[in-house]
Amino acid sequence: MPLPDIRARIAAAELAAGRAPGSVQLIAVSKLQPAERVRGVLDEGQRLFGENYVQEAAHKWPAWREAYPGTEVHMIGPLQTNKAKQAVELFECIHTLDRPSLAERLARMAQARGVSPAMFVQVNTGAEPQKAGIVPDMADDFIAACKMMDLPLAGVMCIPPDDQDPTPHFALLREIGARNGLTGLSMGMSSDFEIAIAHGATHIRVGSAIFGDRAPRPAP
Ligand SMILES: *Cc1c(COP(=O)(O)O)cnc(C)c1O
């Protein structure tokens, strides 16, 4: 779907929810997309992107950042602790802070560098065993621990289970954010971003609706 149409749908959802125009940030998820599609969207003025794989982002983004000033790239995929150093150098924001070992590594690097990407704590709202994210019962303690480490928390993030109505997951995430004083809500993808906006999403992560189908995932 053309980018202007996506932007129009976001504006309509903001209006319907009684939210200020521009209160939702569109993260264009460019993982595994052909370069010409991404360049097309850059040429249309989009400057905020999401990537899932550190290697792929390291390969793609340095040249585009030069060519398109103001570009921001957010990490939205699971982050291995041994890739944390590369990630803090590559991304303005990490949406997938989900465990103490990663928090400790990121905190040490933030101290050493004096700067840090903003971070969202990923919550596994469906408590799915195969999925990344801290389970809801442990979220408050984990968020408190991240604050003790002085990590710059921007909000919370979730990926609802594939086969369920996302509504209760968005509502739960919002509740977890609110009771922990975190205002950012990273939730909503191609199939459900309007519902997420109705539930207060501040950052939606939209890939295939903008770019079309992705190439298959590479072997890790
Ligand atoms: C791939 C991905 C998206 C985008 O998914 P679409 O369904 O293509 O919009 C959003 N969030 C995360 C975490 C992803 O991995």
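UniProt, in an unreviewed entry, places the feature "domain: Alanine racemase N-terminal" at residues 17–214. In this predicted model, the C-alpha atoms at the two ends of residues 17–214 lie 31 Å apart. Helix accounts for 40% of the span and strand for 18%.

Just beyond the last residue of that span is Ala215, which is located in the segment after helix H9 (208–211). Ala215 is partly exposed, because its relative accessible area of 41% falls between the limits of 20% and 50%. Although Ala215 and Pro34 are 181 residues apart along the chain, their C-alpha atoms are separated by 8.1 Å.

The ligand may be considered next. It is surrounded by 13 residues, of which the closest are Lys31, Asn52, Ser190, Ser208 and Arg214. The side chains of three of these residues can be described in terms of distances to ligand oxygen atoms. For Lys31, an N or O atom of the side chain is 2.7 Å from an oxygen atom of the ligand. For Ser190, the corresponding distance between a side-chain N or O atom and a ligand oxygen atom is 2.5 Å. For Arg214, a side-chain N or O atom lies 2.7 Å from an oxygen atom of the ligand. On its own the ligand has 390 Å² of accessible area, and the protein covers 90% of it.

Lys31 merits a separate description. UniProt lists Lys31 for "modified residue: N6-(pyridoxal phosphate)lysine", again in an unreviewed entry. Lys31 is found in the loop that runs between strand E1 (25–29) and helix H2 (35–43). Its relative accessible area is 14%, and Lys31 therefore counts as buried, the limit being under 20%. When neighbours within four places in sequence are left aside, Lys31 is in contact with Gly50, Glu51, Asn52, Tyr53, Glu56, Lys60 and Arg214. Asn52 and Arg214 are also listed among the residues closest to the ligand.

The aromatic residues form another part of the picture. A pair of aromatic rings is described by the distance of the centres and the angle of the planes. The count in this model comes to two aromatic pairs. One of them joins Phe49 and Trp61, with 4.8 Å from centre to centre and 40° between the planes, and this pair is tilted. The pair links distant parts of the chain, since Phe49 belongs to strand E2 (residues 48–51) and Trp61 to helix H3 (residues 54–67), twelve residues apart. Phe49 is buried, with 0% relative accessibility, and Trp61 is buried as well, with a relative accessible area of 1%.

Trp61 also pairs with Trp64: the ring centres are 5.0 Å apart and the planes meet at 70°, so this pair is edge-to-face. Because Trp61 and Trp64 are three residues apart in helix H3, about one helical turn separates them. Trp64 is buried, as is Trp61. Phe49, Trp61 and Trp64 together form one aromatic cluster.

A final position to examine is Thr125, in the loop between strand E5 (118–122) and helix H6 (136–148). Thr125 is buried because its relative accessible area, 8%, is under 20%. The side chain of Thr125 is joined to that of His169 by a polar contact of 2.9 Å. Apart from its neighbours within four places in sequence, Thr125 is in contact with Pro136, Cys158, Pro160, His169, Leu172 and Leu173.

Definitions and conventions. Residues are numbered from 1 along each chain as its sequence is written. This is a predicted model: local features need pLDDT of at least 70, side-chain atom pairs count only at pLDDT 80 or more; totals for chains, interfaces and linings use all residues. Side-chain values use heavy atoms; hydrogens and water are left out. Helices (H or I, at least four residues) and strands (E, at least two) are DSSP runs, numbered from the N terminus. Buried means under 20% relative accessible area, exposed over 50%, partly exposed in between (1.4 Å probe, protein chains only). A polar contact is a pair of N or O atoms within 3.5 Å; within protein, one must be able to donate a hydrogen and the other to accept it, and residues adjacent in sequence count only if both atoms are side-chain atoms. Contact means heavy atoms within 4.5 Å. Rings of Phe, Tyr and Trp (its six-membered ring) pair if their centres lie within 6.5 Å; planes under 30 degrees apart count as stacked, over 60 as edge-to-face and the rest as tilted. A residue is near a molecule or strand if one of its heavy atoms lies within 4 Å of it. Accessible areas come from the Shrake-Rupley method with a 1.4 Å probe; for residues, only the protein chains shown count as cover. UniProt positions are given in the numbering used here, feature names are shortened, and annotations may be inferred rather than shown by experiment.
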